[in-house]
Amino acid sequence: MSNEAEKLFIDYLAENGLSMTPQRKVIVETFLETEGHFSAEELLGFVQQKLPEVGLATVYRTLKLLVDSGLADSLDFGCGVALYEHSYGHEHHDHLICIRCDKKIEVLDDVIERRQEELARKNGYTLTRHRMILFGLCPQCREQEE
């Protein structure tokens, strides 16, 4: 577990009267080692390779703590299952999602970011966070339709 992320999480737990249990430690370490977008069930599979007795409810509770502490983001890509990804130490990004094959592309675009800030200011808002998810067909799926 990265020292900064570990400290942030331990501090968050302490502020909320919680402690770092052995199960939480393995879940957090596994979460931080796993890149991309993954479900709680997928994370459970990775965790159980290290600590077989960990259950899904413990993974869900720890993921909520990770989200609340700012280490993780929970995303709804319209597939009926929450997916998680790192947020701490990762640049903000938006997503393109293929509606056929479920391919996910992370998009970093300064022009879009500036425009979102302008829209917020124009309407009297101060952005605290935002998420943009665009749905469509990826090039491979579009090719299959032709």
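1. A reader new to this predicted model may start with T30, which lies in helix 2, the helix that spans residues 22–33. T30 is buried, as its relative accessible area is 2%. If its neighbours within four places in sequence are left aside, the residues in contact with T30 are L43, F46, V47 and K50.

2. Two of those contacts, L43 and V47, also appear among the buried residues of helix 3, which runs over residues 40–48 and whose buried residues are A40, L43, L44 and V47. These four sit on the same side of helix 3, because the arc they cover around the axis is only 105°. As general background, an α-helix has 3.6 residues a turn, so residues three or four places apart point the same way. As for what covers the buried residues of helix 3, the cover includes helix 2, helix 4 (56–69) and strand 2 (82–86).

3. In helix 1, which comprises residues 3–15, one may look at L8. With a relative accessibility of 25%, L8 counts as partly exposed. L8 and G70 are 62 residues apart along the chain, and yet a separation of 8.6 Å is found between their C-alpha atoms.

4. The cysteines deserve a careful reading, since a disulfide is a covalent bond between the sulfur atoms of two cysteines. For C98, the closest cysteine sulfur is that of C141, at 3.7 Å, which is too far for a bond, given that the cut-off for a disulfide is a pair of sulfur atoms within 2.5 Å. The sulfur of C138 likewise has its closest cysteine sulfur in C141, at 3.7 Å, and this too is too far for a bond. By this rule the model has a count of 0 disulfides. As to their surroundings, C98 is buried, with 4% relative accessible area, and C138 also counts as buried, at 10% relative accessibility.

5. A last point concerns the surface, where L96, I105 and L134 form a nonpolar patch whose accessible area comes to about 230 Å² for the three together. Of these residues, L96 has its place in strand 3, which covers residues 94–98, and L96 is partly exposed, with a relative accessible area of 37%.

Conventions. Residues are numbered from 1 along each chain as its sequence is written. This is a predicted model: local features need pLDDT of at least 70, side-chain atom pairs count only at pLDDT 80 or more; totals for chains, interfaces and linings use all residues. Side-chain values use heavy atoms; hydrogens and water are left out. Buried means under 20% relative accessible area, exposed over 50%, partly exposed in between (1.4 Å probe, protein chains only). Helices (H or I, at least four residues) and strands (E, at least two) are DSSP runs, numbered from the N terminus. Contact means heavy atoms within 4.5 Å. The arc is that of the directions from the helix axis to the C-beta atoms. Patches are made of residues with over 30% relative accessible area and no salt bridge: like charges are joined within 9 Å, nonpolar side chains (Val, Leu, Ile, Met, Phe, Trp, Tyr) within 5 Å. Accessible areas come from the Shrake-Rupley method with a 1.4 Å probe; for residues, only the protein chains shown count as cover. A salt bridge is a side-chain nitrogen of Lys or Arg within 4 Å of a carboxyl oxygen of Asp or Glu.
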